[in-house]
Amino acid sequence: MNEKTNKTVRLYYGIALGVMTAIVGALFIWQVLDNYFTGPVGDNKFTFTQEGLSERFFHISPAFWIWAVMIVGGFIVWEVFPVKPKKSPYKDPRYSLMRLKKRMPVNVGEELAESYGFIKREEKILKILWLCCSSVALAGIVYSIVYLALPSSFTFSDNATKEVLQAAKNILPWFFSVFVFASAISVYEGISAKKQIEHAKKLASGNKPVQLVHGKIYEILNHKYFKLGIQVCVGCVAFSFIIAGACNGNVSGIFDKAVTICLECIGLG
(Lines give C-alpha, C1' and ligand atoms only; values in the text may rest on other atoms or scores of the structure.)
Protein backbone atom coordinates (compact mmCIF):
# COMPACT_ATOMS: atom_id res chain seq x y z
CA MET A 1 0.00 0.00 0.00
CA ASN A 2 1.14 3.52 -0.72
CA GLU A 3 1.54 6.19 1.94
CA LYS A 4 -1.63 8.00 0.90
CA THR A 5 -3.71 4.88 1.57
CA ASN A 6 -2.00 4.38 4.92
CA LYS A 7 -2.79 7.97 5.92
CA THR A 8 -6.43 7.50 4.92
CA VAL A 9 -6.75 4.31 6.97
CA ARG A 10 -5.17 6.01 9.98
CA LEU A 11 -7.41 9.04 9.62
CA TYR A 12 -10.67 7.10 9.49
CA TYR A 13 -9.60 4.76 12.28
CA GLY A 14 -8.67 7.76 14.42
CA ILE A 15 -12.06 9.34 13.75
CA ALA A 16 -13.83 6.09 14.67
CA LEU A 17 -11.79 5.76 17.86
CA GLY A 18 -12.51 9.39 18.77
CA VAL A 19 -16.26 8.91 18.24
CA MET A 20 -16.20 5.72 20.33
CA THR A 21 -14.31 7.51 23.10
CA ALA A 22 -16.95 10.24 23.16
CA ILE A 23 -19.73 7.65 23.26
CA VAL A 24 -18.16 5.75 26.18
CA GLY A 25 -17.57 8.99 28.07
CA ALA A 26 -21.14 10.10 27.48
CA LEU A 27 -22.45 6.73 28.69
CA PHE A 28 -20.42 6.94 31.89
CA ILE A 29 -21.63 10.48 32.58
CA TRP A 30 -25.21 9.46 31.83
CA GLN A 31 -25.10 6.53 34.26
CA VAL A 32 -23.50 8.61 37.03
CA LEU A 33 -25.98 11.48 36.64
CA ASP A 34 -28.90 9.09 36.48
CA ASN A 35 -27.70 7.40 39.67
CA TYR A 36 -27.23 10.79 41.36
CA PHE A 37 -30.66 12.17 40.51
CA THR A 38 -32.39 8.86 41.30
CA GLY A 39 -31.00 9.06 44.84
CA PRO A 40 -30.69 6.32 47.47
CA VAL A 41 -32.63 3.13 46.85
CA GLY A 42 -34.48 1.41 49.69
CA ASP A 43 -32.93 1.61 53.16
CA ASN A 44 -29.53 2.61 51.81
CA LYS A 45 -28.50 6.12 52.90
CA PHE A 46 -25.82 6.53 50.23
CA THR A 47 -26.52 7.60 46.67
CA PHE A 48 -23.53 5.73 45.25
CA THR A 49 -23.24 2.11 46.33
CA GLN A 50 -21.22 -0.80 45.04
CA GLU A 51 -24.30 -2.74 43.97
CA GLY A 52 -25.91 0.23 42.24
CA LEU A 53 -22.81 1.30 40.36
CA SER A 54 -21.97 -2.28 39.37
CA GLU A 55 -25.43 -2.76 37.91
CA ARG A 56 -25.35 0.51 36.00
CA PHE A 57 -21.84 0.08 34.64
CA PHE A 58 -22.65 -3.48 33.61
CA HIS A 59 -25.24 -2.07 31.20
CA ILE A 60 -22.59 -0.05 29.36
CA SER A 61 -19.78 -2.64 29.61
CA PRO A 62 -20.17 -3.82 25.97
CA ALA A 63 -19.40 -0.32 24.70
CA PHE A 64 -16.43 -0.08 27.08
CA TRP A 65 -14.92 -3.38 25.91
CA ILE A 66 -15.39 -2.44 22.27
CA TRP A 67 -13.57 0.82 22.99
CA ALA A 68 -10.74 -1.06 24.76
CA VAL A 69 -10.36 -3.45 21.81
CA MET A 70 -10.26 -0.47 19.43
CA ILE A 71 -7.42 1.07 21.47
CA VAL A 72 -5.40 -2.15 21.22
CA GLY A 73 -6.28 -2.36 17.53
CA GLY A 74 -4.98 1.18 17.07
CA PHE A 75 -1.45 0.08 17.94
CA ILE A 76 -1.72 -2.70 15.37
CA VAL A 77 -3.11 -0.35 12.70
CA TRP A 78 -0.28 2.12 13.29
CA GLU A 79 2.28 -0.64 12.71
CA VAL A 80 0.53 -2.28 9.72
CA PHE A 81 -0.06 1.06 7.99
CA PRO A 82 3.15 3.03 8.60
CA VAL A 83 3.59 6.66 7.61
CA LYS A 84 6.89 8.43 7.26
CA PRO A 85 7.24 10.93 10.10
CA LYS A 86 7.52 14.56 9.12
CA LYS A 87 10.92 16.06 9.75
CA SER A 88 10.67 18.69 12.40
CA PRO A 89 12.34 22.02 11.57
CA TYR A 90 13.68 22.09 15.13
CA LYS A 91 16.89 20.18 15.75
CA ASP A 92 17.83 19.24 19.27
CA PRO A 93 21.27 20.79 19.92
CA ARG A 94 22.11 17.90 22.24
CA TYR A 95 21.66 15.40 19.42
CA SER A 96 23.73 17.56 17.04
CA LEU A 97 26.45 17.81 19.68
CA MET A 98 26.46 14.06 20.14
CA ARG A 99 27.00 13.55 16.40
CA LEU A 100 29.86 16.06 16.39
CA LYS A 101 31.51 14.39 19.36
CA LYS A 102 31.79 11.20 17.32
CA ARG A 103 34.28 13.02 15.11
CA MET A 104 36.30 14.64 17.87
CA PRO A 105 39.93 13.48 18.06
CA VAL A 106 41.29 11.92 21.22
CA ASN A 107 44.38 14.08 21.27
CA VAL A 108 44.38 17.73 20.22
CA GLY A 109 47.05 20.35 19.69
CA GLU A 110 47.58 23.53 21.65
CA GLU A 111 45.46 25.58 19.23
CA LEU A 112 42.38 23.46 20.04
CA ALA A 113 43.13 22.76 23.69
CA GLU A 114 40.84 25.56 24.87
CA SER A 115 37.84 24.20 22.95
CA TYR A 116 38.55 20.66 24.13
CA GLY A 117 38.83 21.84 27.74
CA PHE A 118 35.57 23.79 27.52
CA ILE A 119 33.65 20.72 26.34
CA LYS A 120 35.16 18.48 29.01
CA ARG A 121 34.41 21.06 31.69
CA GLU A 122 30.75 21.30 30.63
CA GLU A 123 30.46 17.51 30.60
CA LYS A 124 31.82 17.38 34.15
CA ILE A 125 29.39 20.06 35.36
CA LEU A 126 26.43 18.20 33.85
CA LYS A 127 27.51 14.91 35.41
CA ILE A 128 27.71 16.57 38.84
CA LEU A 129 24.29 18.20 38.41
CA TRP A 130 22.60 14.96 37.36
CA LEU A 131 24.32 13.12 40.21
CA CYS A 132 22.94 15.67 42.68
CA CYS A 133 19.47 15.35 41.15
CA SER A 134 19.64 11.56 41.40
CA SER A 135 20.72 11.83 45.04
CA VAL A 136 17.72 14.06 45.86
CA ALA A 137 15.40 11.63 44.05
CA LEU A 138 16.88 8.65 45.92
CA ALA A 139 16.54 10.49 49.25
CA GLY A 140 12.89 11.27 48.43
CA ILE A 141 12.16 7.64 47.58
CA VAL A 142 13.80 6.38 50.78
CA TYR A 143 11.95 8.97 52.88
CA SER A 144 8.62 8.09 51.24
CA ILE A 145 9.11 4.35 51.84
CA VAL A 146 10.09 4.91 55.48
CA TYR A 147 7.18 7.31 56.04
CA LEU A 148 4.62 4.93 54.55
CA ALA A 149 6.09 1.95 56.43
CA LEU A 150 5.93 3.55 59.91
CA PRO A 151 2.55 3.19 61.67
CA SER A 152 3.34 6.30 63.69
CA SER A 153 3.00 8.39 60.51
CA PHE A 154 -0.75 7.73 60.47
CA THR A 155 -2.41 9.25 63.51
CA PHE A 156 -5.84 10.05 62.03
CA SER A 157 -7.15 6.48 61.93
CA ASP A 158 -10.77 7.66 61.89
CA ASN A 159 -10.38 10.05 58.94
CA ALA A 160 -9.01 8.80 55.63
CA THR A 161 -9.02 12.30 54.11
CA LYS A 162 -6.64 13.68 56.74
CA GLU A 163 -4.36 10.67 56.30
CA VAL A 164 -4.10 11.26 52.55
CA LEU A 165 -3.51 15.00 52.95
CA GLN A 166 -0.89 14.45 55.65
CA ALA A 167 0.96 11.92 53.48
CA ALA A 168 0.82 14.26 50.49
CA LYS A 169 2.14 17.12 52.63
CA ASN A 170 5.19 15.07 53.62
CA ILE A 171 5.93 13.26 50.35
CA LEU A 172 4.97 15.56 47.47
CA PRO A 173 7.58 18.27 48.23
CA TRP A 174 10.33 15.75 47.50
CA PHE A 175 8.94 14.84 44.10
CA PHE A 176 8.22 18.48 43.27
CA SER A 177 11.83 19.38 44.15
CA VAL A 178 13.17 16.62 41.90
CA PHE A 179 10.91 17.73 39.05
CA VAL A 180 12.06 21.36 39.32
CA PHE A 181 15.71 20.31 39.67
CA ALA A 182 15.58 17.98 36.64
CA SER A 183 13.75 20.59 34.54
CA ALA A 184 16.37 23.21 35.37
CA ILE A 185 19.19 20.83 34.47
CA SER A 186 17.52 19.99 31.15
CA VAL A 187 17.27 23.68 30.29
CA TYR A 188 20.91 24.22 31.23
CA GLU A 189 21.89 21.14 29.21
CA GLY A 190 20.29 22.60 26.09
CA ILE A 191 22.00 25.96 26.59
CA SER A 192 25.33 24.26 27.25
CA ALA A 193 24.95 22.12 24.12
CA LYS A 194 24.54 25.21 21.95
CA LYS A 195 27.75 26.65 23.41
CA GLN A 196 29.64 23.39 22.98
CA ILE A 197 28.61 22.96 19.34
CA GLU A 198 30.84 25.81 18.15
CA HIS A 199 33.86 24.29 19.90
CA ALA A 200 32.93 20.77 18.75
CA LYS A 201 32.81 21.94 15.12
CA LYS A 202 36.40 23.15 15.39
CA LEU A 203 37.51 19.85 16.87
CA ALA A 204 35.51 17.72 14.42
CA SER A 205 36.55 19.49 11.24
CA GLY A 206 38.47 17.17 8.96
CA ASN A 207 37.95 14.06 11.09
CA LYS A 208 35.98 10.99 10.08
CA PRO A 209 33.02 9.93 12.17
CA VAL A 210 33.82 7.53 15.01
CA GLN A 211 31.04 5.33 16.40
CA LEU A 212 31.06 5.76 20.16
CA VAL A 213 29.48 3.36 22.62
CA HIS A 214 26.94 5.92 23.89
CA GLY A 215 26.05 6.69 20.26
CA LYS A 216 25.13 3.07 19.63
CA ILE A 217 23.14 2.94 22.85
CA TYR A 218 21.30 6.12 21.88
CA GLU A 219 20.35 4.67 18.48
CA ILE A 220 19.17 1.42 20.03
CA LEU A 221 17.06 3.12 22.70
CA ASN A 222 15.44 5.41 20.13
CA HIS A 223 14.68 2.69 17.58
CA LYS A 224 10.94 2.37 16.97
CA TYR A 225 10.90 -1.41 17.47
CA PHE A 226 12.71 -1.09 20.79
CA LYS A 227 10.13 1.44 21.99
CA LEU A 228 7.31 -0.76 20.68
CA GLY A 229 8.79 -3.77 22.50
CA ILE A 230 8.93 -1.83 25.77
CA GLN A 231 5.30 -0.73 25.35
CA VAL A 232 4.17 -4.28 24.60
CA CYS A 233 6.10 -5.68 27.60
CA VAL A 234 4.68 -3.08 29.97
CA GLY A 235 1.19 -3.69 28.59
CA CYS A 236 1.54 -7.46 29.02
CA VAL A 237 2.81 -7.10 32.59
CA ALA A 238 -0.03 -4.71 33.47
CA PHE A 239 -2.61 -7.02 31.87
CA SER A 240 -1.12 -10.01 33.72
CA PHE A 241 -1.42 -8.21 37.05
CA ILE A 242 -5.02 -7.26 36.28
CA ILE A 243 -5.91 -10.86 35.42
CA ALA A 244 -4.07 -12.18 38.50
CA GLY A 245 -5.91 -9.71 40.74
CA ALA A 246 -9.26 -10.62 39.21
CA CYS A 247 -8.57 -14.35 39.69
CA ASN A 248 -7.69 -13.74 43.36
CA GLY A 249 -11.00 -11.98 43.94
CA ASN A 250 -9.53 -8.51 44.45
CA VAL A 251 -11.95 -6.76 42.09
CA SER A 252 -14.57 -6.24 44.77
CA GLY A 253 -11.95 -5.00 47.23
CA ILE A 254 -10.65 -2.41 44.80
CA PHE A 255 -14.19 -1.33 43.97
CA ASP A 256 -14.93 -0.91 47.68
CA LYS A 257 -11.86 1.32 48.03
CA ALA A 258 -12.94 3.40 45.03
CA VAL A 259 -16.41 3.86 46.49
CA THR A 260 -14.89 4.75 49.88
CA ILE A 261 -12.72 7.43 48.27
CA CYS A 262 -15.77 8.93 46.56
CA LEU A 263 -17.83 8.90 49.74
CA GLU A 264 -15.19 10.03 52.27
CA CYS A 265 -12.65 12.08 50.33
CA ILE A 266 -14.41 13.66 47.37
CA GLY A 267 -17.74 13.92 49.18
CA LEU A 268 -20.11 12.33 46.67
CA GLY A 269 -23.24 10.75 48.01
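## Secondary structure and overall picture

The secondary structure of this protein, seen here in a predicted model, comes to 9 helices and 0 strands. Read from one end of the sequence to the other, the pattern is therefore α-α-α-α-α-α-α-α-α, where each sign stands for a helix as numbered from the N terminus.

The protein has 269 residues, of which 21% count as buried, and the surface that the protein exposes comes to about 19,500 Å², with carbon and sulfur atoms supplying 69% of that area. If we take the contacts between residues at least 6 apart in sequence, we find that 79% of them join residues at least 24 apart.

## Helix α1 and its nonpolar patch

Helix α1 covers residues 3-38, and I15 is one of the residues that lie in it. With a relative accessibility of 45%, I15 counts as partly exposed, because a residue is called buried under 20% and exposed over 50%. Together with L11, Y12, V19 and I23, I15 makes a nonpolar surface patch of about 490 Å².

## Salt bridges

Side chains of opposite charge can pair when their charged atoms come close. How many salt bridges does a search of the whole structure find? The search finds 3, and each of them can be described by the residues that take part and by where those residues lie.

In one salt bridge R56 pairs with D34, and the closest N and O atoms of the two are 2.4 Å apart. Because R56 lies in helix α2 (residues 50-59) and D34 lies in helix α1, this pair ties together parts that are 22 residues apart in sequence. R56 counts as buried at 17% relative accessibility, whereas D34, with a relative accessible area of 33%, is partly exposed. Leaving aside residues up to four places away in sequence, R56 touches Q31, D34, N35 and T38, so its partner in the salt bridge is also among the residues listed as its contacts.

Another salt bridge joins R94 to E189, with 3.6 Å between the closest N and O atoms. This pair links distant parts of the chain, since R94 belongs to helix α4 and E189 to helix α6 (residues 160-204), and the two residues are 95 apart. R94 is partly exposed at 36% relative accessibility, and E189 is partly exposed with a relative accessible area of 22%.

The side chains of E123 and K120 also meet in a salt bridge, at 3.6 Å from N to O. Here both residues lie in helix α5 (residues 113-149), and, being 3 residues apart, they are separated by about one helical turn. K120 counts as partly exposed, at 38% relative accessibility. An α-helix has 3.6 residues a turn, so residues three or four places apart point the same way.

## The buried face of helix α4

Which residues of helix α4 (residues 93-101) are buried? They are P93, L97, M98, L100 and K101. Seen down the axis of α4, these buried residues fall within an arc of 160 degrees, so they line one face of the helix.

## Aromatic pairs and a cluster

A pair of aromatic rings is described by the distance of the centres and the angle of the planes. In this structure the count comes to 6 aromatic pairs. One of them is formed by F64 and W65, whose centres are 5.4 Å apart and whose planes are at 75 degrees, an edge-to-face arrangement. F64 is partly exposed with a relative accessible area of 29%, while W65 counts as exposed at 55% relative accessibility.

The rings of Y143 and Y147 have their centres 6.2 Å apart and their planes at 25 degrees, so this pair is stacked, because planes under 30 degrees apart count as stacked. Both residues lie in helix α5, where, being 4 residues apart, they are separated by about one helical turn. Is Y147 buried or exposed? Y147 is buried, with a relative accessible area of 10%, whereas Y143 is partly exposed, with a relative accessible area of 31%. Beyond single pairs, F28, F57, F64, W65 and W67 form one aromatic cluster, which includes both members of the edge-to-face pair described above.

Note on methods: Residues numbered from 1 in each chain as written. Predicted model: local features only at pLDDT ≥ 70, side-chain atom pairs only at ≥ 80, totals over all residues. Heavy atoms only, no water. Buried < 20%, exposed > 50% of the residue type's maximum accessible area, 1.4 Å probe, protein only. Arc of directions from axis to C-beta. Patch = residues over 30% accessible without salt bridge, like charges linked within 9 Å, V, L, I, M, F, W, Y side chains within 5 Å. Areas by Shrake-Rupley, 256 points an atom, 1.4 Å probe, with all protein chains shown as cover. Salt bridge = Lys/Arg side-chain N within 4 Å of Asp/Glu carboxyl O. Contact = heavy atoms within 4.5 Å. Phe/Tyr/Trp six-rings, centres within 6.5 Å; stacked < 30°, edge-to-face > 60°.
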